[in-house]
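This report describes selected features of one protein model, covering helix packing, strand pairing and internal space. The sequence and the structure are shown below.

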Amino acid sequence: MGFFGWLFRWLGWSAEPRDDGAAQESSRPNEERTLHRPSESSADPVSQPPMERDSQSVASLPPIVSTSESAVRLRRKLLKRPKLTGTWRDQSRHDARKAHATFVEVTGGIPYRYARFGSGTGRYLDLSQDGDDARLQARGLPAFRTPEQLADWLGIPLKKVAWLVHRFTAGRPNNVEQAHYHFRWLKKKSGGWRLIESPKQLLKQAQVKILREILDHLPTHSAAHGFVTGRSIVTNAKPHVGHATLVKLDLSNFYATVGFSRVVALFRAVGYSREAAIWLGLLTTSAIPGNMAFPGRDPYAFDPYLRRHLPQGAPTSPALANLSAYRLDLRLAGLSKSFGATYTRYADDLAISGPPELASGLRVLIPLVQQIIRGERFRVNKAKRRVLRAHQRQSIAGVVVNEKPNVARDQFDRLKATLTNCMRLGPSTQNHDQVEDFTAHLRGRIAHIQQLNRPRGDKLLTLFERIDWQR
């Protein structure tokens, strides 16, 4: 007995009894059998099995002959199920997604250069129709919809822009020589490796223009203080001065966690068309080549960087990371306020502080904070989580906040000793890390201390000016 014969008998569509004799009869070759539906008197919709109730749509079919062609037709009808009707909420979500994903399959020629093919249709997609020029104009942002318009705005030939986004190599460089970034691995103090990706000249030129004319015009959350104009480590530390309890958390692989899809969504939310957002996302993210060497023979160091991500070292990455963390800042600021605490973030360093009463709620606060971080698709570095009390040295991003924003005493003493030895023994004897511009390096460290503690910084500057740089 064939599969369809067994299926018909299981559904009860044959008047023949279900026994071995009938099975042998049904196996006779070249014999046509007529299948009958059950009588109407036995068609109780409640007592019937689910598959029998689903099969009522084929009850009006004429007698079926068990031939190969008719069996195929019958199988198609059996597999056809009634269309499910969604709720009004499902329909509204579908309409919203459709409104934000407008595209046109072009039946004629290519709509613009480097247009994309539709999935399985063989026709070009016009992804430039869903831009919002009014929203772009309201924010003072440049308006463009197609790759040609983007290239004109960048002042770079279109073929060069396509080369920058690896349009001709499936979006990823084949080797390190073809990449548009300089790669350098750095050993982390806490263990592991960090990949620094510095863009080459032409790509950096495009990224700087995107930063100055687009990203700098987009607002960040008030709790974000890293790489924001008018804010610094001092403004990040001041809200936490004098608080009894300080909670510090660190986001693991902050830049690498922000992927290509999230960057494209940011540009789409601003008002750019899907085509323009994809090209902007490709220009501001990185995909490492497949022939990169393992750092320290550690293949697991590649894990955070395998997918297309924000490169640490690109001028656009800090601004895009801050915009990607906007919802994170919004939720953590609201949660902290409900506990009577204060929240700030400097790049990947999170700080929450509050009065003595906050200590009793840490058992609830910290799990909620970690849950929000995971919900926003970031990861917590549990090894760097700290809870500091008032009797301990409370520092945020290198700034002590127990009584006022100040520099750590040991940091001041080390720099003072270095400057003194440079004055006595010569600068060449103190450049242990072989810093390329040791003079600028020392001057920058002094400026950092001057920003936190002016009197101490002036003392160090006096020593710096007495150094003989010819020795």
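At what angle do helix α17 (residues 409-425) and helix α19 (residues 454-465) pack, and how far apart are their axes? In this predicted model, the angle between α17 and α19 is about 15°, and their axes lie 9 Å apart. Because angles under 35 degrees count as roughly parallel, α17 is roughly parallel to α19. The crossing in which α17 passes α19 is left-handed.

A second helix pair is formed by α9 (residues 201-213) and α13 (residues 274-284), which pack at about 120° with axes 10 Å apart. That angle makes α9 oblique to α13. Here, too, the crossing of α9 past α13 is left-handed.

**Strand pairing**

An open sheet contains four strands in the order β7-β8-β6-β9, and their pairing is antiparallel. Its edges are β7 (342-346) and β9, each of which pairs on one side only. From one strand to the next, the twist averages 20°.

Within this sheet, six bridges connect β6 and β8 in the antiparallel sense; L246 stands opposite S353 of β8. The antiparallel pair β7 and β8 has five bridges, and Y346 has D349 in β8 as its bridge partner. A hairpin is formed by β7 and β8 with two residues between them, and A347 in its turn has a positive phi of about 60°.

Strands β4 (residues 181-187) and β5 (residues 193-199) also run antiparallel, joined by seven bridges. K187 stands opposite W193 in β5. This pair forms a hairpin as well, with five residues between the strands; G191 in the turn has a positive phi of about 105°.

The two hairpins are set side by side in the following table.

| Hairpin | Residues between strands | Turn residue with positive phi |
|---|---|---|
| β4 and β5 | five residues | G191, about 105° |
| β7 and β8 | two residues | A347, about 60° |

**Pocket and cavities**

Which residues lie closest to the centre of the largest pocket? The space in this pocket is about 1,400 Å³. Its lining has 37 residues, and those closest to the centre are R194, D250, D348, D349 and K384. By class, the lining comprises 17 nonpolar, nine polar and 11 charged residues.

Several elements supply at least two residues each to the lining of the largest pocket: β5, β6 (245-250), α11 (254-257), β8 (349-354), β9 (386-389) and β10 (395-396). The pocket therefore draws on β5 of the first hairpin described by residue number and on β6, β8 and β9 of the four-stranded sheet. D349, the bridge partner of Y346, is also among the residues closest to the centre of the pocket.The structure also holds two cavities of 30 Å³ or more. In the largest cavity the space amounts to about 100 Å³. Its lining consists of 14 residues, with H166, Y181, T285, S286 and A287 nearest the centre. The lining of the largest cavity divides into nine nonpolar residues, four polar residues and one charged residue. Y181, one of those nearest the centre, falls within β4 (residues 181-187).

Definitions and conventions
Residues numbered from 1 in each chain as written. Predicted model: local features only at pLDDT ≥ 70, side-chain atom pairs only at ≥ 80, totals over all residues. Heavy atoms only, no water. Pairing = 2+ DSSP bridges. 1 Å grid on protein atoms, 1.4 Å probe; cavity = no way out; pocket = protein on both sides within 12 Å on 5 of 7 lines; lining within 4 Å. Points joined across faces, edges and corners; volume = space filled by probe spheres on them. Nonpolar A, V, L, I, M, F, W, Y, C, P; charged D, E, K, R; others polar. Axes fitted to C-alpha atoms, helices over the stretch in contact; angles between N-to-C directions. Parallel < 35°, antiparallel > 145°, perpendicular 65-115°, else oblique. Left-handed = near helix turned anticlockwise from the far one by under 90°.
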